[in-house]
Amino acid sequence: MATVTIGVLALQGGVAEHLSLLRRAAPQVSSDNRSFNFIEVRTAAELSQCDALIIPGGESTTMSIVAQRLGLLEPLREFVKVEQKPVWGTCAGLVLLAEEASAVKKGGQELIGGLDVKVIRNRYGTQIQSFTADLRLPFLQSQNEGGDDKPFRGVFIRAPVVEAVNVSSSEKKEDAKKEPVEVVGVYQRQQTQQQGSAEEGGKPDEDIVAVRQGNVFGTSFHPELTSDIRIHVWWLKQVLDAVKPVLN
C-alpha cells in the first residue's frame with residue numbers, strides 16, 4: 001500500500017485543528033492501495049518527507065520570522081515553487097503564499113509566494129470584529145454527487161482577502177508557463193463592511209476569499225475551526241490526483 005504523507009507547518013497557529021479534520025476526512029478518500037500519514041513540520045528534514053503541506057492560520061508575521069530563523073523559508077519556497085507539491089494555506093497561510101501583501105507590519109514581511117495574487121491583511125479589522133458567514137463554494141458542490149449544496153460556514157478572524165489576481169509582471173519563462181489564478185470562493189460583504197474598491201476579479205460588494213493556482217490553494221477563512229470536513233476531503237482528493245503519477 002502506498003502512503004501519502006501530509007504535513008502541517010507547526011510553527012504557530014491552528015495545527016491541531018487541521019490535523020483533527022484531516023484524520024476525520026481521510027477515511028472518505030483512502031482506498032485499499034492508498035493511505036495517509038499526517039505529520040507536524042518544523043524542520044527542513046520533516047518537510048522533505050511530505051507529499052503535500054498545509055500552512056495553517058495564525059499570525060503570518062510571526063510564522064515568517066520563525067521560519068526564517070529555522071532556515072525553513074527557502075525549503076518552503078522550493079517545495080511550493082520548484083517541486084510544485086500541493087499546498088493549502090488558510091488565513092495567515094494564504095498571506096504567506098501570496099506573491100504580494102499590503103497592510104503588513106513596519107519593516108515588511110518575508111513571503112513564501114506561489115500564488116500570483118496580492119492580499120490585504122486584516123481586511124475586516126481587529127480580533128473583536130471576527131465573524132462567520134455562509135459561503136457558496138462551487139468546487140464543493142461539483143464534487144457532491146448527492147446534490148447537497150448547503151453553504152460552507154466560513155470563520156473569519158482578522159482575515160486577509162485577495163485584492164488582485166495575476167499580479168506578476170515577470171517575463172521569466174517559468175512564470176509564463178504558470179496557470180492563471182482561479183477565483184473559487186467569494187464573500188458577499190454586508191453593508192457595514194462596504195469599504196474600498198472592488199478587488200480585481202470580484203464585484204464591488206464581494207471579496208475574494210478562496211483562490212487556486214496549479215498546486216497552490218488558499219482560503220481567507222478557517223475551515224479547521226469548524227466541524228465541517230468537506231474542504232479537507234476535497235483537498236485530499238486533489239492531493240491524490242497530484243501524487244498519483246509518482247506513486248504508480
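Six aromatic residues, Tyr124, Phe131, Phe152, Phe156, Tyr187 and Phe221, come together as one aromatic cluster. Keep in mind that you are looking at a predicted model. Across the whole structure, a search turns up 14 aromatic pairs. Two of these pairs are set side by side below.

| Aromatic pair | Arrangement | Centre to centre | Angle between planes |
|---|---|---|---|
| Trp88 and Trp235 | tilted | 5.7 Å | 50° |
| Tyr124 and Phe156 | edge-to-face | 6.0 Å | 80° |

Let us take the tryptophans to begin with. Trp88 belongs to strand β4 (residues 87–90) and Trp235 to helix α8 (residues 230–247), so their pairing ties together parts that are 147 residues apart in sequence. Are these two tryptophans buried or exposed? Both Trp88 and Trp235 are buried.

Now for the other pair, whose two members also belong to the aromatic cluster. Tyr124 sits in the loop between β6 (115–120) and β7 (131–135), while Phe156 is part of strand β8 (residues 152–156), so this pair links parts that are 32 residues apart in sequence. Tyr124 has a relative accessibility of 10%, and it therefore counts as buried, the cut-off being under 20%. Phe156 is buried too, with a relative accessible area of 1%.

**The chain as a whole**

With those pairs in mind, step back and look at the full fold. The protein chain has eight helices and twelve strands. How much of the chain counts as buried? Of its 248 residues, 50% do. Contacts across the sequence tell another part of the story: among contacts in the protein chain with a separation of 6 or more, 71% are between residues 24 or more positions apart.

**Two residues up close**

Ala67 makes a good stop on a tour of the model. You will find Ala67 in helix α3 (residues 60–69), and at 3% relative accessibility it counts as buried. Which residues does Ala67 touch, once those up to four places away in sequence are set aside? The answer is Leu11, Leu72, Leu73 and Leu76. You can also compare Ala67 with Ala10: they are 57 residues apart along the chain, and their C-alpha atoms are separated by 9.9 Å.

His222 is the next stop, in the loop between β12 (216–219) and α8. With a relative accessible area of 6%, His222 is buried. Not counting neighbours within four places in sequence, His222 is in contact with Gly57, Gly58, Cys91, Val155 and Ile157.

**Cysteines**

One of the contacts of His222 is Cys91, which counts as buried at 3% relative accessibility. Cys50 is buried as well, with a relative accessible area of 1%. A disulfide is a covalent bond between the sulfur atoms of two cysteines. How many disulfides does the structure hold? The number is zero.

**An enclosed space**

Finally, consider the empty space inside the model. Rolling a probe the size of a water molecule over the atoms shows where empty space is left. Searching the whole structure gives one cavity of 30 Å³ or more, and about 30 Å³ of space lies in the largest cavity. Which residues line the largest cavity? Its lining is made of Leu135, Leu137, Leu140, Gln141, Lys150, Phe152 and Arg230. Sorted by class, that lining has four nonpolar, one polar and two charged residues. You have met Phe152 already, as a member of the aromatic cluster.

Definitions and conventions
Residues numbered from 1 in each chain as written. Predicted model: local features only at pLDDT ≥ 70, side-chain atom pairs only at ≥ 80, totals over all residues. Heavy atoms only, no water. 1 Å grid on protein atoms, 1.4 Å probe; cavity = no way out; pocket = protein on both sides within 12 Å on 5 of 7 lines; lining within 4 Å. Points joined across faces, edges and corners; volume = space filled by probe spheres on them. Nonpolar A, V, L, I, M, F, W, Y, C, P; charged D, E, K, R; others polar. Phe/Tyr/Trp six-rings, centres within 6.5 Å; stacked < 30°, edge-to-face > 60°. Helix = DSSP H or I, 4+ residues; strand = E, 2+ residues; numbered from the N terminus. Buried < 20%, exposed > 50% of the residue type's maximum accessible area, 1.4 Å probe, protein only. Disulfide = S-S within 2.5 Å. Contact = heavy atoms within 4.5 Å.
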